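Open the structure in your viewer and keep the selection tool at hand. The tour below goes from one selection to the next.

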Amino acid sequence: MKSLLRVAVAVALCAPGRAADLFYDDFSRFPPGWLSQPVGQLNAAIQEYHYLAHRGVPLEPWANAIIHLDAWLVSDEEGKPYLEQHTVNPLARIMNPIFITGDEEWSDYTVEVSVKPLSLDEMAGLVFRYRTNRHYYLFALTGGKRVRLALRLPLEKEFRLAEWRELGSAPFDYDVTRYYRLKVETSGERIRTYVDGKLLVEARDGELARGKAGVTANIPARFMEFRVSAPDSVISAIQGRIARREMELERLRAENPRPVVWKKFATPGFGAGRNVRFGDLDGDGQADMLIGQNIPRVRGDAFDHLSALTAVTLDGKVLWQLGRPDPRNGLLTNDTPFQIHDIDGDGKNEVVLIRDFQLQVLEGATGKLLRRTWVPEIPAGMDERPYKLNHGDSIAFFDLAGRGRRQEILIKDRYRHFWVYDSSLKLLWHGSGQTGHYPYPFDVNGDGREEILIGYALWSPEGKLIWSRDADFRDHADGIAMGNFSGEAKAPPRVYACGSDEGYIVLDKDGNTLKHVRIGHAQSPSIAKYRTDVAGLQLMTINYWRNPGIVSLFDSDGNLLLQGEPIHSGSPVLPVNWRGDGQEFAMLSANVREGGLIDGFLRRVVMFPDDGHPDLAYHVADLTGDARDEIVVWDTERVWIYTQDRPFPGKRIYAPVRNPDYNDSNYRTTVSLPRWKSLR
């Protein structure tokens with residue numbers, strides 16, 4: 001895989017610059033206009049769990065680090081191209097728009113750019129030694145009267161307040177009528193900063209020795225002539241480190257099975273994004289796909305309604321279809337309420353869904369309506385009540401009666417209320433609170449009946465609130481789980497929550513906080529055996545809003561093991577049992593450049609072939625029956641399924657136990673519990 005450094009060197013050779021240029025760009029590569037475009041009614045949440053190569057203009061070798069912001073454009077001034085950050089950032093206290101390039105191995109370099117601030121209200125300048133969009137050095141003009149050198153720290157002490165280490169500042173009056181040449185020289189711990197050739201701030205700091213470089217601004221500002229340079233000996237050392245890294249990656253990839261196509265088929269007119277359920281609908285023992293389309297209502301993504309459902313086999317045969325499919329209705333940025341589950345215990349799967357303000361049960365094989373009931377009214381006091389009845393957000397199943405199977409149905413609205421039904425659609429009880437996105441079933445006291453973990457609260461099977469921490473956390477729970485993941489059989493269960501801007505939270509079984517690490521907007525967690533050198537299971541989460549693409553890995557005690565930014569968008573980071581040897585990988589996307597499977601050290605150890613496959617969405621499941629996972633990738637027009645290019649060679653294979661497919665969600669925490677199977 002071609003590295004960013006090699007792309008950058010190629011740019012330098014084509015551009016006017018010194019022999020020691022590591023990178024040079026005058027931004028003439030980009031067409032005039034916005035470099036990305038808003039995604040219409042979908043809003044920028046589309047990239048939480050869908051992969052888009054770009055939203056307008058390919059940016060390589062640059063990247064928009066805060067990918068959900070349409071902050072950057074290119075135009076010309078007096079015949080010279082410039083890059084402009086054209087927005088006023090209302091969230092300067094927590095994040096900055098950043099346009100970044102380079103390689104994590106860049107070190108001991110000089111970075112410079114010409115900048116014209118178009119406002120004096122906030123800052124504009126350079127980022128360097130960039131590790132993630134929450135961990136980098138900043139040198140900027142700020143407030144019209146000074147320059148600032150600071151280090152952005154990755155963990156926050158206060159809610160939605162970025163943590164900085166100030167390294168120095170100096171008086172410097174500037175205006176909005178001309179460009180200023182900003183320059184930063186780095187060598188080991190030494191940092192020297194200049195404006196128009198004058199040394200203004202000098203400091204020493206050793207937290208980050210290497211990293212990418214780029215530009216940033218919280219107010220409209222223009223940038224020209226970006227350059228990164230270094231002595232020849234430094235460039236040689238950088239190239240050597242990158243070459244060794246690429247060789248190590250090639251070795252790791254050669255040790256792993258390669259993805260090969262197992263099946264593929266088209267979804268003409270009825271395809272969708274990440275709005276698909278998997279389960280055996282026709283009773284042949286093989287999983288099928290149920291593809292949902294939706295029409296947004298009222299505003300944004302808060303009131304989507306299912307408009308079409310298509311049941312299709314993995315060979316592409318359409319089993320049945322409800323509604324009128326239309327490709328315009330394929331994408332979404334939220335959950336929708338439909339699942340595949342044997343709700344009555346007769347050995348045949350049904351489809352349980354909310355449609356037209358009714359909770360319905362359909363025959364899985366045909367889509368025939370079996371029974372239905374009206375959903376509850378939207379409770380009084382809600383901020384928005386466009387309808388009298390609740391339209392439904394998601395559905396989950398629990399075993400509240402202790403029958404040994406999950407037959408109770410939980411439905412919820414977006415963030416405040418939930419209702420519990422029995423399998424005959426009789427309403428049992430109602431609860432409310434800061435529900436977050438998706439609940440989690442767990443038998444806390446071992447009596448055979450599951451409690452309901454929802455948001456930051458635990459409810460009894462009868463509907464009694466056991467404990468709640470809703471008042472203590474100011475952002476909703478994006479993904480939650482409960483269990484003993486320590487590897488010690490007698491250890492008590494714990495609650496693990498990725499609480500959006502509250503970061504990562506660990507509670508004991510009684511709701512007491514054990515760990516609270518503010519890593520940014522944490523979501524889409526998974527729990528699996530990602531590291532064989534660490535006891536128990538590990539939790540992986542990826543950030544999105546305000547700091548997308550940052551992956552954090554924690555041990556079962558809540559200790560942060562490592563962080564990185566392998567991708568700039570979100571991802572479900574689903575665990576993948578690819579090798580069957582007990583170590584799982586996590587998937588970023590199916591993109592041939594930015595995707596792949598990463599290991600517990602965030603190394604891309606499996607890459608997808610450049611064969612024209614879709615990469616909008618994906619799902620992971622054992623579909624061939626050998627215990628290893630297949631990877632289903634799709635867009636709104638086609639589905640491809642990948643399996644391994646070689647058989648499993650051992651006599652005992654890893655076959656982890658996962659959340660059941662009938663409790664699926666774009667926001668659930670995927671838990672992969674250890675299990676082995678003998679192949680003798």
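Is Phe 473 buried or exposed? The model is a predicted one. Select Phe 473: its relative accessible area is 5%, and buried means under 20%, so this residue counts as buried.

**An aromatic pair between two loops**

Keep Phe 473 selected and add Tyr 456. Tyr 456 is buried too, at 1% relative accessibility. The two rings form a tilted aromatic pair, with 4.8 Å from centre to centre and 50° between the planes. Tyr 456 sits in the loop between β31 (451-454) and β32 (457-459), while Phe 473 sits in the loop between β33 (465-468) and β34 (479-483). The pair therefore ties together parts that are 17 residues apart in sequence.

**Other rings**

The structure holds 30 aromatic pairs. For another of them, select Tyr 174 and Tyr 180, whose rings meet edge-to-face: the centres are 6.1 Å apart and the planes are at 75°. Both of these tyrosines are buried.

Next, select Phe 23, Phe 27, Phe 30, Trp 62, Trp 72, Phe 99, Trp 106, Tyr 109, Phe 223 and Phe 226. Ring pairs link these residues into a cluster.

**Nonpolar cores**

Now leave only Phe 223 and Phe 226 selected. Which part do they play in the largest nonpolar core? In that core of 54 residues, they are the ones with the most contacts inside it. Apart from it lies another core, of 27 residues, which includes Phe 485, Val 495, Tyr 504 and Val 506. In soluble globular proteins, nonpolar side chains tend to be buried together.

**Helix α2**

Select residues 232-255, which make up helix α2. From first C-alpha to last, its 24 residues reach 35 Å, close to the 34 Å expected at 1.5 Å a residue. Which residues of α2 are buried? Colour Val 234, Ile 235, Ile 238, Arg 241, Ile 242, Arg 245, Glu 246, Leu 249, Leu 252 and Arg 253 to see them.

**The second largest pocket**

For the last stop, select Ala 621, Asp 622, Arg 658, Asn 659 and Asp 661. Of the 42 residues that line the second largest pocket, these lie nearest its centre. The elements that give two or more residues to the lining are β18 (276-279), β38 (522-528), β46 (617-621) and β50 (657-658). The space in this pocket is about 850 Å³. Colour the lining by residue type, and it divides into 20 nonpolar, eleven polar and eleven charged residues.

Definitions and conventions:
Residues are numbered from 1 along each chain as its sequence is written. This is a predicted model: local features need pLDDT of at least 70, side-chain atom pairs count only at pLDDT 80 or more; totals for chains, interfaces and linings use all residues. Side-chain values use heavy atoms; hydrogens and water are left out. Helices (H or I, at least four residues) and strands (E, at least two) are DSSP runs, numbered from the N terminus. The expected span of a helix is 1.5 Å times one less than its number of residues. Buried means under 20% relative accessible area, exposed over 50%, partly exposed in between (1.4 Å probe, protein chains only). On a 1 Å grid over the protein atoms alone, a cavity is a set of points where a 1.4 Å probe fits but cannot get out, and a pocket is an open set with protein on both sides within 12 Å along at least five of seven lines; lining residues have an atom within 4 Å of a point. Grid points are joined across faces, edges and corners, and a volume is the space filled by probe spheres set on the points. Ala, Val, Leu, Ile, Met, Phe, Trp, Tyr, Cys and Pro count as nonpolar, Asp, Glu, Lys and Arg as charged, and the others, Gly among them, as polar. A nonpolar core is a set of buried Ala, Val, Leu, Ile, Met, Phe, Trp, Tyr and Cys residues joined through side-chain atoms within 4.5 Å. Rings of Phe, Tyr and Trp (its six-membered ring) pair if their centres lie within 6.5 Å; planes under 30 degrees apart count as stacked, over 60 as edge-to-face and the rest as tilted.
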